[in-house]
Amino acid sequence: MEQVMQEIFTSILNGDNKAVPLKVQAALDAGIEASKILNESMIAAMAEVGRLFEEGEYYVPEMLISARSMQAGLVVLKPHLMQANIKSAGSVVAGTVKGDLHDIGKNLVCMMLEGAGFEIHDLGTDVSPEKFVAFVQEQGADIVALSALLTTTMPNMKVTIEALRAAGLRERVKVIIGGAPVTEGYAQQIGADGYSPDASRAVSLAKSLVSAA
Ligand code: B12
């Protein structure tokens with residue numbers, strides 16, 4: 001790994017939210033592609049944070065400061081990840097499901113979809129099924145994008161899909177899901193329209209669903 005990439009990785013592990021944006025900028029200045037910085041340094045660092053947490057070396061506060069430094073780096077990276085696209089590709093209402101506070105992955109998905117020309121309505125984290133239903137009812141959307149990072153909150157994706165169905169809205173929207181514990185099989189099982197393991201494939205998925213509608 002190039003030195004600056006290694007430094008970004010280490011600064012995220014250390015939760016150094018002053019160093020991360022500076023080093024991300026240095027990597028961009030050195031001509032390293034934004035997607036490479038994202039995947040090979042930043043997302044890799046968050047995976048390592050997860051591993052350290054599992055092994056009992058990191059606790060919640062360490063996870064949190066690493067997450068904050070990752071977010072500080074994303075601010076610098078954002079304009080480079082998004083390509084200008086004037087025509088609206090469709091509208092997306094996104095959120096992390098009820099009980100779940102993880103938002104880095106959801107934010108990345110929103111960022112990439114926005115960059116691909118989608119209009120984004122981000123409802124944030126800990127979003128109840130009722131809130132998704134109310135949004136679709138009042139403002140409409142082509143796609144509902146649900147994120148979950150905990151095995152205990154994944155079932156709330158199913159509850160949200162069922163709430164959309166109960167409100168008579170299920171046929172009006174496409175539902176896409178994602179997050180570390182989510183799988184293609186789970187998406188099929190709960191009746192989602194699509195799953196993607198990462199933010200860039202979320203864009204092709206969303207585009208294919210909107211064009212098929
Ligand atoms: C950072 C972090 C936190 C931070 C979150 C800060 C924030 N603002 O997000 C804090 C400290 C708050 C936190 C808290 C907790 N966490 Co936590 N956390 C993590 C960690 C280390 C990184 C997650 C992350 O940001 N990854 C980087 C992003 C880019 O990846 P991603 O989220 O997977 O997103 C990508 C894809 O999944 C996909 N995607 C994501 N969403 C969507 C949506 C759609 C529609 C699509 C198509 C795609 C998609 O695209 C994204 C980009 O490529 C993970 C470890 C891990 N390996 O995931 C643990 C992890 C998720 N946490 C875990 C746990 C246990 C917790 C706590 C319960 C700890 C506790 N005892 O309190 C709490 C729960 C709080 C809550 N109610 O939500 C466990 C979950 C275990 C499980 N199987 O359920 C993990 C796996 C750690 C571990 N290895 O044990 N956590």
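In what follows, Ala, Val, Leu, Ile, Met, Phe, Trp, Tyr, Cys and Pro count as nonpolar, Asp, Glu, Lys and Arg as charged, and the others, Gly among them, as polar. With that in hand, let us walk through this predicted model, starting with its largest pocket.

The largest pocket holds about 1400 Å³ of space. Its lining is made up of 47 residues, and these divide by class into 30 nonpolar, 12 polar and five charged. If you would like to find the middle of the pocket, look for His 102, Ile 104, Gly 105, Leu 149 and Ala 180, the lining residues that lie nearest its centre. Several elements supply at least two residues each to this lining: H3, H4, strand S1 (90–96), H5, S3, S4 and H9. Among the contributors, H3 gives the most, with 10 residues.

What takes up the space of this largest pocket? It is the ligand. Around the ligand, the elements that give two or more residues to the shell are helix H3 (34–54), helix H4 (60–81), helix H5 (104–115), strand S3 (143–147), strand S4 (174–178) and helix H9 (199–212). Here, too, H3 gives the most, this time with six residues.

Now let us look at the shell itself. There are 36 residues around the ligand, and Glu 54, Leu 101, His 102, Asp 103 and Ser 147 come nearest. Sorted by class, the shell has 22 nonpolar, 10 polar and four charged residues.

His 102 deserves a pause on our tour. You will find His 102 in the loop between S1 and H5. Which protein atom serves as a donor to the cobalt atom of the ligand? The single donor from the protein is NE2 of His 102, 2.3 Å away from the cobalt. His 102 also places a polar side-chain atom 2.7 Å from a nitrogen atom of the ligand.

Two backbone contacts add to the picture. At Leu 101, a backbone N or O atom lies 2.7 Å from an oxygen atom of the ligand. At Thr 151, a polar backbone atom is 2.9 Å from an oxygen atom of the ligand.

To retrace the route, the ligand takes up the space of the largest pocket, H3 gives the most residues to the shell around the ligand, and His 102 is the single protein donor to the cobalt atom.

Methods:
Residues are numbered from 1 along each chain as its sequence is written. This is a predicted model: local features need pLDDT of at least 70, side-chain atom pairs count only at pLDDT 80 or more; totals for chains, interfaces and linings use all residues. Side-chain values use heavy atoms; hydrogens and water are left out. A residue is near a molecule or strand if one of its heavy atoms lies within 4 Å of it. A polar contact is a pair of N or O atoms within 3.5 Å; within protein, one must be able to donate a hydrogen and the other to accept it, and residues adjacent in sequence count only if both atoms are side-chain atoms. On a 1 Å grid over the protein atoms alone, a cavity is a set of points where a 1.4 Å probe fits but cannot get out, and a pocket is an open set with protein on both sides within 12 Å along at least five of seven lines; lining residues have an atom within 4 Å of a point. A molecule sits in a cavity or pocket if more than half of its atoms lie within 2 Å of its grid points. Helices (H or I, at least four residues) and strands (E, at least two) are DSSP runs, numbered from the N terminus. Grid points are joined across faces, edges and corners, and a volume is the space filled by probe spheres set on the points. Donors are N, O and S atoms within 2.8 Å of the metal (3.2 Å for Na, K and Ca); water is not among the atoms, so sites may look incomplete.
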